[in-house]
Amino acid sequence: MEGLKAEFVKSSAHPKECPPMDRPEYAFIGRSNVGKSSLINMLVNRRTLAKTSGTPGKTQLINHFVINPDVPAESWYLVDLPGFGYAKVSKKDRSKWAKTTEQYLLGRKNLVCVMMLVDARHPPQKIDLEFMAWMGENSMPFVLVFTKLDKLNLEEKAGFLPRYEAEMLKQWHRMPPVFATSGVDGAGREELLQFIATTNATVDF
Ligand SMILES: Nc1nc2c(ncn2[C@@H]2O[C@H](COP(=O)(O)OP(=O)(O)O)[C@@H](O)[C@H]2O)c(=O)[nH]1
Ligand SMILES: [Mg+2]
């Protein structure tokens, strides 16, 4: 597995503290424990770029990493957004999360695509469907990234996508691009990086 050059840029408590909007940006979002940090580390092929955390819901920071910092034409920001839906988070923290995240998502002009992570083991969750509906209402491009594929048996591997589609197509005319990934065995890595490279080539900076 080829590594990507990736550097931590900064953690921002507020969208206005984020780095300059000078290159394409991809934001990774999902419920706490969905495997976001593991996926990010798998993509850049580093064990500890994004902390895989035993205390979900604690960090409420927008974390920017720059990929390929030395190759302007291939450089992009990877953003690790705070997870949502963690039961033990107070109502106050939850509304702070929503406010910060919405402001970030709506205000970030260089945001090319949101990577919406869902755990392939679980049936569609209300909170995920609602968040995708919100992105749709706000014309925000996103792709659906299933995580933890290595935890599925053959039968489950055949069944998780049709099950998800059946639910989503009650709300949507068509499916977004879909990726099936595993932070453990690297499944989906090439496909996701290829999608990002192809998309980067279509945007001007
Ligand atoms: N088997 C398996 N476990 C995973 C995978 N991704 C994450 N995990 C585990 O799920 C838990 C949460 O992962 P983490 O990346 O910290 O989730 P985050 O809260 O979304 O950042 C950890 O115990 C990880 O080891 C995966 O692809 N396969
Ligand atoms: Mg994490």
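Which pattern does the protein follow when read along the sequence? In this predicted model, the protein follows β-β-α-β-β-α-β-α-β-α-β-α from one end of the sequence to the other. The secondary structure comes to 5 helices and 7 strands. The radius of gyration is 16 Å, close to the 17 Å from the globule rule for 205 residues, so the protein is as compact as a globular protein of that length.

**Overall dimensions and packing**

Taken along the principal axes, the box filled by the C-alpha atoms is roughly 45 × 40 × 35 Å. Of the 205 residues in the protein, 47% are buried. Among contacts with a separation of 6 or more, 76% are between residues 24 or more positions apart. The protein exposes about 11,000 Å², and 53% of this area is supplied by carbon and sulfur atoms.

**Surroundings of ligand 1**

There are 16 residues around ligand 1, and the ones that come nearest are Asn33, Lys36, Ser38, Asp150 and Gly183. By class, this shell holds 9 polar, 5 charged and 2 nonpolar residues.

Polar atoms of Asn33, Val34 and Lys148 are paired with oxygen atoms of ligand 1 at the distances tabulated here.

| Residue | Part of the residue | Partner | Distance |
|---|---|---|---|
| Asn33 | backbone N or O atom | oxygen atom of ligand 1 | 2.8 Å |
| Lys148 | polar side-chain atom | oxygen atom of ligand 1 | 3.0 Å |
| Val34 | polar backbone atom | oxygen atom of ligand 1 | 3.2 Å |

Asn33 and Val34 take part through the backbone, whereas Lys148 takes part through its side chain. On its own, ligand 1 has 580 Å² of accessible area, of which the protein covers 76%.

**Asp80 and Lys36**

Strand β4 spans residues 76-80 and includes Asp80. Is Asp80 buried or exposed? Asp80 has a relative accessible area of 7%, and buried means under 20%, so this residue is buried. The side chain of Asp80 is joined to that of Lys36 by a polar contact of 2.4 Å. Lys36 is also one of the residues that come nearest to ligand 1. Lys36 therefore appears in two settings: in the shell around the ligand, and in a side-chain contact with a buried residue of strand β4.

Conventions: Residues numbered from 1 in each chain as written. Chains lettered and ligands numbered in written order. Predicted model: local features only at pLDDT ≥ 70, side-chain atom pairs only at ≥ 80, totals over all residues. Heavy atoms only, no water. Near = heavy atom within 4 Å. Polar contact = N/O pair within 3.5 Å; in protein donor to acceptor, adjacent residues only side chain to side chain. Areas by Shrake-Rupley, 256 points an atom, 1.4 Å probe, with all protein chains shown as cover. Nonpolar A, V, L, I, M, F, W, Y, C, P; charged D, E, K, R; others polar. Helix = DSSP H or I, 4+ residues; strand = E, 2+ residues; numbered from the N terminus. Rg over C-alpha atoms; globule rule 2.2 N^0.38 Å. Buried < 20%, exposed > 50% of the residue type's maximum accessible area, 1.4 Å probe, protein only. Contact = heavy atoms within 4.5 Å.
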